[in-house]
Amino acid sequence: MARNRKILRRFSWVVMASLLLTGCSTQIPVLQPQGPVAQQEFGLIEWSFFLMLIVAIVVFILFGVFIYRYRNTPNNKAPYEPDMEGSRKLEFIWTLIPVVIVLLIAVPTVRTTYALQAPPSTAKTDPLVINVTSAAWKWVFQYPKSGLETVNYLVIPANEPVQFNLTSVGPMNTFWIPSLGGMEFNMPNVTLGLWLQADHPGIYLGRSANFSGVGFEHMSFTVKALSIPQFNTWVSAVKKTAPALSSAENNQILYTHGLSPKLTFSSYPSTTATGTAGMSGM
Amino acid sequence: MLPRYFYNFSTFMSMFPHNYLIYGADVSIVGATALIIFVLTYFKKWKWLWDNWITTVDHKRIGIMYILAAFAMFFRGGTDGLLMRTQLALPNLHFLSAQHYDEIFTTHGTIMILFMAMPMLIGLINVAVPLQIGARDVAFPYLNAISFWTFFFGAMLFNISFVFGGSPDAGWTSYAPLSELQFDPGPGENYYLLGLQLAGIGTIATGVNFLVTILKMRAPGMTLMKMPQFTWATLITSIIIIFAFPVLTVALALLTIDRLAGAHFFTIAAGGMPMMWVNLFWIWGHPEVYIVILPAFGILSDVISTFSGKKIFGYTAMVVSLAAIAALSFTVWVHHFFTMGAGAAVNSFFGVSTMLIAIPTGVKIFNWLFTMYRGRIRFTTPMLWALAFIPTFVVGGMTGVMLAVAPADYQYHNSYFLVSHFHYVLIGGTVFGAFAGIYYWWPKMFGHKLNERLGRWHVGTFVLFFNMTFFPMYIVGLMGMTRRMYTYPSGLGWTALNLIETIGAFGQGASMMIMAVNIVRSIKFGERDVTGDIWDGRTLEWSTTSPAAEYNFSVLPQVTSVDEWWEEKKRGVVRPDHATFKPIHMPNNSGWPFLIGLSFFIAGFGLVFNWWLSAIVGALGIITFLFLRSFDYNTDHYIPVDEVKRVEAAAGR
């Protein structure tokens, strides 16, 4: 059973891949998960795609056969029953089959929804927490444990679940790193959590997926996953070499509308980001 | 301080002047208006326009005006789409600036849903439903005219935004706090709020009107379960409208109060809740997409049954599934924002409730397929649209189920995968269905057919280029491209697919030109419908003349079965005896709806710019005209028997 399912899944993957143009196959991050969260989501994508494909194939075949066989030509010998009103039996069948398919999709959906909400089983009791604030139009990443802050780029340790706390000081955005997993909203006055993990060191692309104004397109950021020793080295290097972030600079980053290059700070002011919403720098 | 790191975004944008496009549009608007005024004056058509169209309360004429307006909006929204596709054809283009692009995707979405899809379907409902139920007009003909003129002036108010002050730029979803004054100070967003509010008045009235019409005005003998499928779809759509649209009214009103009077319903500061806008918007927004799909389902049921020469398969199941979809449509709105942290239980509920919609929809698809089973399929243009609908809608529907898988949606949300999905269901469903209806009822509206050969070219090219435009979007979505990006970098593998999409979009534009040529050409050359039943139809609209007389039916039909006209033809048609004619009671034309709509427009335009004088003048106009109307006792007349005899005789009956 499990083996069959695996074969079927592989089949659906082949179909999906064959739909794609050649040469692009290395650049479909959603279909090439680089971490356990993206992996679980990809599993559901494959499974639901495969089941839907079966339905589509059945419909397409019936569709093709019927319009050919029952076309209105003088010599068509196929039966013609203009007063046929329906069939309880057939209608029961095609009510029941979608019910079964919905169940087959709903059960893993609910299970994964709950699984992804909870901290992963591999999470440390004291996981790396990163506070992610979207401003117009930049990403601010604060590392509370080490007290450092980066703008428009993110560095994380590989092979370790990282907890992101998402909020916004302006319009809503979403925090999306498709290689590592799905997105979650950054909303003002609210903090939402998201767990992500990179399986390997590497560089991934992140982006906001929710329109937030004229600079929205530029709300992308790079995610560098480093091995744990390299990550620790990076943290101490930042603490030593990067400047501290003053309160005035902090306000400018958060409340002045504009773009920003990548920035690095060894510390950030202790005021909370969302408490000063009135300070729009319009 | 960090000034060296920042550069002013507006200077950045001003490097790419975009005003020549706006100027071009301004010139063309002024030119077109001048041309229309000239033609009307030169041919002395002002009185004709006023007497026959502007003051009309005839559901058929109101329906035609809705459809005309919808076509105009289709070309406006389509042009927006082509501008967007031009901008995205290649990476890093600067054909449009970010601001201009943002305005255009906002107007594209808003216009296509609210000022194209809805009026196109409401137009077809107006044309066909009273005829299908054997009625002489709708229940409230005067209100019907109010509906049209509030919609029309709402659409105009929305459309003049790019001429005066700039268009809305926060997306058709207009999420707060982006749409609040703090982040969006110009008048554009006010146009959105007031234009939609004004059109929404008309839509709610339409919902009430058709609910009452269908419940109270059916021909004798037509029980609910003997109504044509399109009438059923309209009845259920009316119920959705009545429940869903007031939510939009409230949401728009609250955001308007925020923006005009400084309240804080959805702001970040002072305890506002931006997410409440999202909830209200989608509590209306999800039923809204069923408001535009169910009438299309109804058209398809009638078209497939007619051109398969066969009764609809599983009539009861079709009705029950319409009702089930309508009920479920109110229980799924959170699936538009699974990623807003509602929690596992909420996401599970809304994910599964969304999947449940696949069940009644699947029943409908299979019942359509089996309506063709053991039928005799005539591949007319309306039928070709219906046939194009089935596979296209299945692709849209299956990706819809995929989107309902909440954890997977974390990867699809706001990506081009989603953009592709809703174009597959809205174009593959609503637009294909509406086109099926347009080609199907065209002879009933105008007395002649559209050309079948050009029609086939229209279907074929449109379906081809539609898939070329939207199928690649599924893939770029999985590649990480998100909606509403005004440009994109190279090197991500998106370029080739985007270029294909752009070529497809222009192909669709060309395909629509075939339809335009067809419409113009058919005025002169189209096959005349002399019998009133050019398709060998099944339902009552085909029993009367094409176009139907003002009073629709000289004698109200007696109904005994679902496919009443089909059965009558089998028994041998008996035309009503002229001796049985009685004077027919009909409503009078009225100019008040137009004037009330105009007053709303003046008031709305004033509110957009906080010009209180204009707002007050408009409001006084509304009150005055409502007051005058309530003392207008000359509201109806009888068509004398001789007149009915003359009209029927002229039609050869």
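# Rings, Helices and Loops in a Two-Chain Model

Biologist: What is the relative accessible area of B:Phe105?
Modeller: B:Phe105 falls in the buried class, which means under 20% relative accessible area, with exposed over 50% and partly exposed in between (1.4 Å probe, protein chains only). The relative accessible area of B:Phe105 is 6%.

Biologist: What pLDDT do local features need in this predicted model?
Modeller: Residues are numbered from 1 along each chain as its sequence is written, chains are lettered from A and ligands numbered from 1 in the order in which they are written, and side-chain values use heavy atoms, with hydrogens and water left out. The model is predicted, so totals for chains, interfaces and linings use all residues, side-chain atom pairs count only at pLDDT 80 or more, and local features need pLDDT of at least 70.

Biologist: Why do the rings of B:Tyr101 and B:Phe105 count as they do, and what is the pair called?
Modeller: Rings of Phe, Tyr and Trp (its six-membered ring) pair if their centres lie within 6.5 Å; planes under 30 degrees apart are stacked, over 60 edge-to-face, and the rest tilted. Over all chains, the structure holds 87 aromatic pairs. In the pair of B:Tyr101 and B:Phe105, the centres are 5.9 Å apart and the planes stand at 65°, so the pair is edge-to-face.

Biologist: Which helix of chain B holds both B:Tyr101 and B:Phe105?
Modeller: An α-helix has 3.6 residues a turn, so residues three or four places apart point the same way. Helices (H or I, at least four residues) and strands (E, at least two) are DSSP runs, numbered from the N terminus. B:Tyr101 is buried at 1% relative accessibility. B:Tyr101 and B:Phe105 are four residues apart, about one helical turn, in helix 5 (residues 98-132).

Biologist: What is the angle between the planes of B:Phe281 and B:Trp284?
Modeller: Both residues lie in helix 9 (residues 274-307) of chain B, three residues apart, about one turn of the helix. B:Phe281 and B:Trp284 are both buried. Their rings form an edge-to-face pair, 5.3 Å centre to centre, and the angle between the planes is 75°.

Biologist: Which residue has B:Arg61 over its ring?
Modeller: A charge sits over a ring if NZ of Lys or CZ of Arg is within 6 Å of the ring centre and within 35 degrees of the ring normal. In chain A, A:Arg71 lies over the face of A:Tyr68, at 4.3 Å from the ring centre. In chain B, the charged end of B:Arg61 is 4.8 Å from the ring centre of B:Trp53.

Biologist: How far apart are the end C-alpha atoms of helix 7 of chain B?
Modeller: Of the 29 residues of helix 7, 22 are buried, so this helix is largely enclosed by the rest of the structure. The expected span is 1.5 Å times one less than the number of residues. For helix 7 (residues 188-216) the expected value is 42 Å, which agrees with the distance between the end C-alpha atoms, 42 Å.

Biologist: Which residues of chain B does B:Thr339 touch?
Modeller: B:Thr339 lies in the loop between helix 10 (315-328) and helix 11 (344-356) of chain B, and B:Thr339 is buried with a relative accessible area of 0%. Contact means heavy atoms within 4.5 Å. Not counting residues up to four places away in sequence, B:Thr339 touches A:Met183, A:Glu184, A:Phe185 and A:Leu192, together with B:Tyr410 and B:His413.

Biologist: Which residue of chain B does A:Leu116 touch?
Modeller: A:Leu116 is found in helix 3 (residues 88-117) of chain A. Apart from residues up to four places away in sequence, A:Leu116 touches A:Val37, A:Gln40, A:Glu41 and B:Pro407.

Biologist: Which residue is joined to A:Ala136 by a cis peptide bond?
Modeller: Most residues other than glycine have a negative phi, and most peptide bonds are trans. The partner lies in the loop between strand 1 (128-135) and strand 2 (138-143) of chain A. With omega about 0°, the cis bond joins A:Ala136 to A:Trp137.

Biologist: What is the phi of B:Arg484?
Modeller: B:Arg484 is in the loop between helix 16 (452-478) and helix 17 of chain B, and B:Arg484 counts as buried at 12% relative accessibility. Although B:Arg484 is not a glycine, its phi is positive, at about 70°.
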